[in-house]
Amino acid sequence: MQSVEQFAPAPSLGLSTTPGMSSTSDAILGSTFRALDAALQARDICTHAHCQRVIYYSLTLGQMMGLSEHELVTLERGVFLHDIGKIHMPDYVLLKPGLLSDTERSVMQQHSTIGFEMLRHNPLLVDAADIVLTHHERYNGSGYPMGLSGDDIPLGARICAVTDTFDAITSVRPYRNPMSFDDACAYIKSERGRHYDPRIVDMFTALPPSQWQEVQQVASAGTALNNLFQAA
Ligand SMILES: [Fe+2]
């Protein structure tokens, strides 16, 4: 078994830069990320800590799967922006403390399409926009917005589906205690071939829960967001 350090993305990897693009373009993109982050924070959609952990989990998994540099950069950006469409959600849906009604849920489900529309015209974000659009699709076709299944779902979205859930269920929430890393890994495994791509689940569970916990610690002290904001 390789050590986590071999998988954990290091700043020297140069993620957040766009292969083949000028530093000026990347600097503009960095300021764009900072502005979008401010919008996410203003509406309390994605805490910095959650974003940072999900980026590290995703890049760790992406590296284990042998993704190219371009694919990793796209993954990083798509994961960071996956819920950006929620900034358009009305407060009565976004801030509702309890369970959503069927109508409210259908409103909330529009966030993936809205996020896609926000990003798809930017040539540096068009690939990440595909992740944003499809991050709630499920491997068995029961997800939304299009009901895609299997490999028709972009790989980055299939990775994001696992890592976003994993961080959500292992994090403290006002309404419930965090799941242990052992239980969370078991839950991810239980959805193999249903919600999640079986190959990604197999890769995810190839690392024992204790090592994912180490990745969490690396992420908490990491610089993923600063890399995005500088993007040069
Ligand atoms: Fe989402």
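Here is a walk through this structure, from the whole chain down to two pairs of helices and the core. Keep in mind that what you're looking at is a predicted model.

Let's start with the big picture. The chain has 232 residues, and 37% of them are buried. Its secondary structure is easy to remember: 13 helices and zero strands. So if you trace the chain from the N terminus, every element you meet is α. How do contacts span the sequence? Take the contacts between residues at least 6 apart in sequence: 69% of these join residues at least 24 apart.

Now pick out helix 4 (residues 69-81) and helix 8 (residues 126-134). Their axes are 8 Å apart, and the two helices pack at an angle of about 45°. That angle falls outside the ranges for parallel, perpendicular and antiparallel, so helix 4 is called oblique to helix 8. The crossing of this pair is right-handed. To see where they meet, look for T74, R77, G78 and L81 on the helix 4 side, and D127, A128, I131 and V132 on the helix 8 side. Sorted by class, the residues of this contact are four nonpolar, two polar and two charged.

Next, move further along the chain to helix 10 (residues 181-190) and helix 11 (residues 198-206). Here the angle is about 160°, with the axes 9 Å apart. Which way do the two helices run relative to each other? Angles over 145 degrees count as roughly antiparallel, and therefore helix 10 and helix 11 get that label. Their crossing is left-handed. Helix 10 brings C185, I188 and K189 to the meeting point, while helix 11 brings V201, F204 and T205. This contact is made up of four nonpolar residues, one polar and one charged.

Some of these names come back when we turn to the core. The largest nonpolar core holds 46 residues, and the ones with the most contacts inside it are I55, V132, V162 and I188. You've already met V132 in the contact of helix 4 with helix 8, and I188 in the contact of helix 10 with helix 11. Which helix gives this core its largest share? That's helix 3 (residues 48-64), with seven residues.

Finally, zoom in on V162. Leaving out residues up to four places away in sequence, V162 touches I188, Y196, I200, V201 and F204. Among those partners, I188 comes from the helix 10 side of the contact you saw earlier, and V201 and F204 come from the helix 11 side.

Terms used. Residues numbered from 1 in each chain as written. Predicted model: local features only at pLDDT ≥ 70, side-chain atom pairs only at ≥ 80, totals over all residues. Axes fitted to C-alpha atoms, helices over the stretch in contact; angles between N-to-C directions. Helix = DSSP H or I, 4+ residues; strand = E, 2+ residues; numbered from the N terminus. Parallel < 35°, antiparallel > 145°, perpendicular 65-115°, else oblique. Left-handed = near helix turned anticlockwise from the far one by under 90°. Contact = placed C-beta atoms within 7 Å. Nonpolar A, V, L, I, M, F, W, Y, C, P; charged D, E, K, R; others polar. Core = buried A, V, L, I, M, F, W, Y, C linked by C-beta atoms within 7 Å. Buried ≥ 20, exposed ≤ 12 C-beta atoms within 10 Å, placed from the backbone.
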